[in-house]
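Biologist: I'm new to this one, and I'd like to know what stands behind the labels. Could you walk me through it?

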Amino acid sequence: MNSCACNARFSAGRAIEAQRILSRRLSLKWPGGEARRALGLDASYARVEGVDVGVGAAVLIDSSTLETLGCSLHIAPVCVPYIPGLLAFRELQVMAPAASALAPHADVILVDGHGIAHPRGFGIASHVGVVLGKPSVGVAKRRLVGEIAVLGGEKVVVSRGAPVAVVIDRPGGPIYVSPGHMIDLKTAVYVVKPLLKHRLPEPTRLADLLGRIARNGLKRQATLGKEWIEGCVVRASGCARSLALRLEGLGFSVEVW
DNA sequence: GCGACAG
DNA sequence: ATCTTGTCGC
């Protein structure tokens, strides 16, 4: 049974068309300067009283010290299904609101999923980059398109005759790094490497952790109060200087600085 | 028609 | 992504 809180139903055809249109705004040119602050984005889900609830999480990290500078959560019902190639339409429902407040302070955005290593060259990382007007990088744990090849001693993913992602072997498994928006493959790898402490880069890893902790709280019917949110953030990254909470329709989001 | 298929 | 028991290893 597919319980959905929306009125309109999702159209894969229109979504694909939207990707084709949005992809015309794609740029693979790095604006220049250093990537001092990186924002990591991730989404997790839970079934609450029959409805799919999405938890979007964002964590802003200082690239040189790996210190957490800020966090944000957005929780809301999600009715868009997951379809390979159309991931962004599901995750962006909660990811974009969670990212909005912190994105202006980030030099680059890291997203859980692919960038141009996608059937239409427009994965979720590219989508996020174009929508937020920021440089973005996709960091995925599994391959979606293309074949593995070795170029100059470097393991890459080749799709449509071009290298679209670099494969970095990590303890626990490989990660696929691909340009999202306003960045090239080489720079994307250059930006991600200093952030690697565990299998996934810190921004994305902590966003995943933060979102998972919040989701577990939802499942326990926890009180969605200030202390609860603060607990999530403290447990995920150890940071909680100040906190702002605002209600948005059925869902809500919080920001911690 | 058959296999592949981010999270 | 999420569900889900026991099990292997530090």
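**What stands behind the labels**

Modeller: Just after H3, Gly133 has a positive phi of about 65°. Bear in mind that this is a predicted model.

Biologist: What makes helix H3 largely enclosed by the rest of the structure?

Modeller: Helix H3 covers residues 124-132, and 7 of its 9 residues are buried, so the helix is largely enclosed. The buried ones are Ile124, Ala125, Ser126, His127, Val128, Gly129 and Val130.

Biologist: What covers the buried residues of H3?

Modeller: The cover includes H1 and S1, along with helix H2 (87-100), strand S4 (108-112), strand S5 (136-140) and strand S9 (173-181). Those are some of the 6 helices and 11 strands in chain A.

Biologist: And how much of chain A is buried?

Modeller: Of its 257 residues, 53% are buried. Chain A still exposes about 11900 Å², with carbon and sulfur atoms supplying 52% of that area.

Biologist: Let's turn to charges. Why is the pair Asp62 and Arg36 called a salt bridge?

Modeller: The cut-off is 4 Å between a side-chain nitrogen of Lys or Arg and a carboxyl oxygen of Asp or Glu. In this pair the closest N and O atoms are 3.5 Å apart, so the pair qualifies under the 4 Å limit. The pair links distant parts of the chain: Asp62 sits in strand S2 (residues 51-62), while Arg36 is in the loop between helix H1 (12-22) and strand S1 (37-48), 26 residues apart.

Biologist: Why is Asp62 called buried, and why is Arg36 called partly exposed?

Modeller: Buried means under 20% relative accessible area, and partly exposed runs from there up to 50%. Asp62 has 9% relative accessibility, so it counts as buried. Arg36 has 46%, so it counts as partly exposed.

Biologist: The structure holds 6 salt bridges. What about Glu202 and Arg205?

Modeller: Their closest N and O atoms are 2.9 Å apart, and they form a salt bridge. Both lie in helix H5 (residues 202-219), 3 residues apart, about one turn of the helix. An α-helix has 3.6 residues a turn, so residues three or four places apart point the same way.

Biologist: Which of those two is buried, and which is partly exposed?

Modeller: At 4% relative accessibility Glu202 is buried; Arg205, at 23%, is partly exposed.

Biologist: How do you know that Asp208 and Arg212 are about one helical turn apart?

Modeller: They are 4 residues apart in helix H5, so about one helical turn separates them. They form a salt bridge too, with the closest N and O atoms 2.5 Å apart. Asp208, at 18% relative accessibility, is under the 20% limit and so counts as buried, whereas Arg212, at 38%, is partly exposed.

Biologist: Now the DNA. What makes Tyr82 a polar contact of DNA strand B?

Modeller: A polar contact needs a pair of N or O atoms within 3.5 Å. A polar side-chain atom of Tyr82 lies 3.0 Å from a phosphate oxygen of the strand, so the pair meets that limit. For Arg143, an N or O atom in the side chain is 2.7 Å from a phosphate oxygen. His114 uses a polar backbone atom, which is 3.0 Å from a base nitrogen.

Biologist: How many residues surround DNA strand B?

Modeller: There are 17, the closest being Tyr82, Gly85, His114, Lys141 and Arg143. They divide into 7 nonpolar, 5 polar and 5 charged.

How values were computed
Residues are numbered from 1 along each chain as its sequence is written. Chains are lettered from A and ligands numbered from 1 in the order in which they are written. This is a predicted model: local features need pLDDT of at least 70, side-chain atom pairs count only at pLDDT 80 or more; totals for chains, interfaces and linings use all residues. Side-chain values use heavy atoms; hydrogens and water are left out. A residue is near a molecule or strand if one of its heavy atoms lies within 4 Å of it. A polar contact is a pair of N or O atoms within 3.5 Å; within protein, one must be able to donate a hydrogen and the other to accept it, and residues adjacent in sequence count only if both atoms are side-chain atoms. Ala, Val, Leu, Ile, Met, Phe, Trp, Tyr, Cys and Pro count as nonpolar, Asp, Glu, Lys and Arg as charged, and the others, Gly among them, as polar. Helices (H or I, at least four residues) and strands (E, at least two) are DSSP runs, numbered from the N terminus. Buried means under 20% relative accessible area, exposed over 50%, partly exposed in between (1.4 Å probe, protein chains only). Accessible areas come from the Shrake-Rupley method with a 1.4 Å probe; for residues, only the protein chains shown count as cover. Contact means heavy atoms within 4.5 Å.
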